[in-house]
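Here is a friendly walk through one protein model, piece by piece. Keep the structure in view as you read.

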Amino acid sequence: MTDPVEKVQKALDELHYDGRIIHSDATIFTVEDASKAIGVTPGEILKSLIFMVDGQPWLVLMSGPNKAHSGKIKRLSQGHHVTMASPDYVFENFGFRIGVPPVGYPQALPALLDEDLWNYAIVWAAAGTDHAFFPVAPETLRKYTQGQKAAVKKEPPPQA
């Protein structure tokens, strides 16, 4: 199966997801684009990131405006070397370019979920492309990924 949205739909079906994937003419390439296209705040947009922890892929799910802190990921994963996976790696290994989803991988990936996601009843996740997305509750997302709710965001510098 090469269609990325079909991969996500298949994974959601297997998880007994009771919503549906929504397709948009507007791009959801950035958090801001997605926020406008869906009509929600940037914090309600889910960013699905792939990090390499000691050479193994990990899923890091972030609230839209937040940036992942690699040092916190390193501590939580008990890894030694943590880097963001390249877009080429993500495409070659998982078949996703833009619109990296939280589900639809050939094997379960260790997952860390930004605790700020729980500030919202529903977050909006990409579904394999920059024109497809689906709503999901953070706790449901944690169950789907078998992930850990964690403090993984980079804190803003103190105001002077």
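## Around helix α3

Helix α3 is followed by Q78, whose phi is positive, near 60 degrees. The helix itself spans residues 70–77, and its buried residues are G71, K72, I73 and S77. "Buried" here means under 20% relative accessible area, while exposed means over 50% and partly exposed is anything in between, using a 1.4 Å probe and protein chains only. What lies over those buried residues of α3? The cover includes β2, β3, β4 and β5. Helices (H or I, at least four residues) and strands (E, at least two) are DSSP runs, numbered from the N terminus.

A quick word on the ground rules. This is a predicted model, where local features need pLDDT of at least 70 and side-chain atom pairs count only at pLDDT 80 or more, while totals for chains, interfaces and linings use all residues. Residues are numbered from 1 along each chain as its sequence is written, and side-chain values use heavy atoms, with hydrogens and water left out.

## The chain as a whole

The protein chain has five helices and eight strands. Going along the sequence, they come in the pattern α-β-α-β-β-α-β-α-β-β-β-α-β. Why call the chain's radius of gyration in line with a compact globule? With 160 residues, such a globule would come out near 15 Å, and the protein chain has 15 Å, so the two agree. (The radius is taken over C-alpha atoms, and the globule rule is 2.2 Å times the number of residues to the power 0.38.) Along the principal axes, the C-alpha atoms fill a box of roughly 40 × 35 × 25 Å.

Of the 160 residues in the protein chain, 49% are buried. Take the contacts (heavy atoms within 4.5 Å) with a separation of 6 or more: residues 24 or more positions apart account for 65% of them. The protein chain exposes about 8500 Å², with carbon and sulfur atoms supplying 52% of it; these areas come from the Shrake-Rupley method with a 1.4 Å probe. As for charge, the mean positions of the 15 positive and 18 negative charges are 7 Å apart. Lys and Arg count as positive and Asp and Glu as negative, leaving out His and the chain ends.

## Strand pairs

Here is how some of the strands line up; two strands pair if DSSP finds at least two bridges between them.

| Strands | Sense | Bridges | Opposite residues |
|---|---|---|---|
| β2 and β3 | antiparallel | eight bridges | L49 and V60 |
| β2 and β4 | antiparallel | three bridges | V53 and V82 |
| β1 and β7 | antiparallel | two bridges | H23 and A132 |
| β6 and β7 | antiparallel | four bridges | V123 and V136 |

Start with β2, residues 46–53: seven of its eight residues are buried, which leaves the strand mostly covered. β2 and β3 make a hairpin with two residues between the strands, and D54 in that hairpin takes a positive phi near 50 degrees.

Now over to β7, residues 132–136. Why is this strand largely enclosed by the rest of the structure? Four of its five residues are buried. β7 also takes part in an open sheet of three strands, ordered β1-β7-β6 with antiparallel pairing. The edges of that sheet are β1 and β6, each pairing on one side only. β6 and β7 form a hairpin with five residues between them, and G128 in the turn has a positive phi of about 110 degrees.

## Two residues to look up

First, find Y144 in helix α5, which covers residues 138–145. Is Y144 buried or exposed? Y144 counts as buried because its relative accessible area is 17%. Leaving aside residues up to four places away in sequence, Y144 touches L12, L15, H16, Y17, V103 and V136. One of these, V136, is the residue standing opposite V123. P157 is another matter: Y144 and P157 are 13 residues apart along the chain, and their C-alpha atoms are separated by 33 Å.

Then try Q107, in the loop between α4 (87–94) and β5 (111–114). With a relative accessible area of 41%, Q107 is partly exposed. Q107 and A11 are 96 residues apart in sequence, and 11 Å apart in space, C-alpha to C-alpha.

Note on methods: Charge placed at Lys NZ, Arg CZ, Asp CG, Glu CD.
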